[in-house]
Amino acid sequence: MYFKETKGFPKDFLWGSASAAYQVEGGWDADGKGVTNWDKFVRIPGKTFKATTGDKAVDHYHRYKEDINLFAEMGFNTYRFSISWSRILPTGGEEVNQQGLDFYENIVDEMLLKGIEPIICMHHFDVPLELVEKYGGWWSKEFIESFKRLTTAVVDRLGKKVKYWFPINEQNAIMFSSFMFPTTDLASNDMKGRDQRSTQSVHNAHVAGAFLRYYVKRVNPNAQVGGMVCYSPFYPNDCNPV
């Protein structure tokens, strides 16, 4: 859309950038982090360009202070990052890795020190491998239970410091979760099974997201919890409906 006149953006408009844990962190097996579905997938011959992996990525795990300082120099006043599920719950089970929580609290504290508003996305498609191998994908209710444990651990530590939260990146993409968890044994030609799993995955993701909204508000009533969807805008070539 084009505007002849504009008053500009409001003073509290959030300018920044976003990332996913697997895209930037590296430190794939550092300090108690568990193996994820993507850690396994990238090791399957022929699946990535020149067998590249996210084992190191841009090494944000070890260089987050340098990165955040660059954000501040660029004028960012916000940064949206995701939590690596397996860095907090190495297997998706009951065990909580405190070093993982320390890492994310250090990131938040450094951002606040630089005047940058943290936005946390709890899940951006990387899942503890053991959870995937036991239960498949989001079509399993065990994913809801593990996500609740993840949420509780992270929000208990960071809920008072972080105002903005998202449950799941591109939540509508969960309907394609059979493709997002390529290490599962879901047959590619099992269309009926895929449809059932997709529908159940969407439902389970909504239940998990609702829990995050409930728990964040319980810890910090002033927090804001939003949704994030994957969309592509389309514009008609002309006004002819045919």
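These legends accompany close-up views of a predicted model. Residues are numbered from 1 along each chain as its sequence is written, and side-chain values use heavy atoms, leaving out hydrogens and water. Because the model is predicted, local features need pLDDT of at least 70 and side-chain atom pairs count only at pLDDT 80 or more, while totals for chains, interfaces and linings use all residues.

**View 1. An open sheet of 5 strands has parallel pairing.** The strand order is 1-2-3-4-5. Strands (E, at least two residues) and helices (H or I, at least four residues) are DSSP runs, numbered from the N terminus. Two strands pair if DSSP finds at least two bridges between them. Strand 1 (16-18) and strand 5 (224-225) stand at the edges. Each has a single partner strand, so one side of each lacks a neighbour in the sheet. Strands of a sheet pair through backbone hydrogen bonds, either parallel or antiparallel.

**View 2. Strand 3 (residues 117-123) pairs with strand 2 and with strand 4.** Strand 2 (residues 78-82) runs parallel to strand 3, over 5 bridges. Here Arg80 has Ile119 of strand 3 as its bridge partner. Strand 4 (residues 164-168) is also parallel to strand 3, over 4 bridges. His123 is bridged to Ile168 in strand 4. Of the 7 residues of strand 3, 6 are buried, so the strand is largely enclosed by the rest of the structure. Buried means under 20% relative accessible area, exposed means over 50%, and partly exposed lies in between (1.4 Å probe, protein chains only). In a regular strand the side chains alternate between the two faces of the sheet.

**View 3. Strand 4 and strand 5 meet at one edge of the sheet.** The pairing is parallel, over 2 bridges. Tyr164 stands opposite Gln224 of strand 5.

**View 4. Cys121 and Cys230 form no disulfide with each other.** The structure holds 0 disulfides (pairs of cysteine sulfur atoms within 2.5 Å). For Cys121, the nearest cysteine sulfur is that of Cys230, 13 Å away. Seen from Cys230, the closest cysteine sulfur is in Cys121, and 13 Å is too far for a bond. Cys121 is buried, at 0% relative accessibility. Cys230 is partly exposed, with a relative accessible area of 38%.

**View 5. The largest cavity has a volume of about 60 Å³.** There are 2 cavities of 30 Å³ or more. On a 1 Å grid over the protein atoms alone, a cavity is a set of points where a 1.4 Å probe fits but cannot get out; lining residues have an atom within 4 Å of a point. Grid points are joined across faces, edges and corners, and the volume is the space filled by probe spheres set on the points. Among the lining residues are Tyr22, Trp28, Lys33, Arg87 and Asp126. By class, the lining has 3 nonpolar, 4 polar and 4 charged residues. Ala, Val, Leu, Ile, Met, Phe, Trp, Tyr, Cys and Pro count as nonpolar; Asp, Glu, Lys and Arg count as charged; the others, Gly among them, count as polar.

**View 6. The second largest cavity holds about 40 Å³ of space.** Its lining includes His60, Tyr79, Phe81, Phe103, Tyr104 and Ile107. Helix 1 (21-24), strand 2 and helix 5 (98-113) each supply at least two lining residues. The lining divides into 8 nonpolar, 3 polar and 1 charged.

**View 7. Trp15 lies in the segment before strand 1.** Trp15 is partly exposed, with a relative accessible area of 45%. Leaving out residues up to four places away in sequence, Trp15 touches Phe9, Phe76, Asn77 and Thr78. Contact means heavy atoms within 4.5 Å. Trp15 and Ala51 are 36 residues apart along the chain, and their C-alpha atoms are separated by 35 Å.

**View 8. Asn97 sits in the loop between helix 4 (85-88) and helix 5.** At 8% relative accessibility, Asn97 is buried. Beyond residues up to four places away in sequence, Asn97 touches Asp31, Gly32, Lys33, Arg87, Ile88 and Pro90.

**View 9. Leu131 belongs to helix 6 (residues 129-135).** Leu131 is buried, at 3% relative accessibility. Gly92 is 39 residues from Leu131 in sequence, yet 5.6 Å from it in space, C-alpha to C-alpha. Setting aside neighbours within four places in sequence, Leu131 is in contact with Trp85, Thr91, Gly136, Glu142, Phe143 and Ser146.

How values were computed
On a 1 Å grid over the protein atoms alone, a cavity is a set of points where a 1.4 Å probe fits but cannot get out, and a pocket is an open set with protein on both sides within 12 Å along at least five of seven lines; lining residues have an atom within 4 Å of a point.
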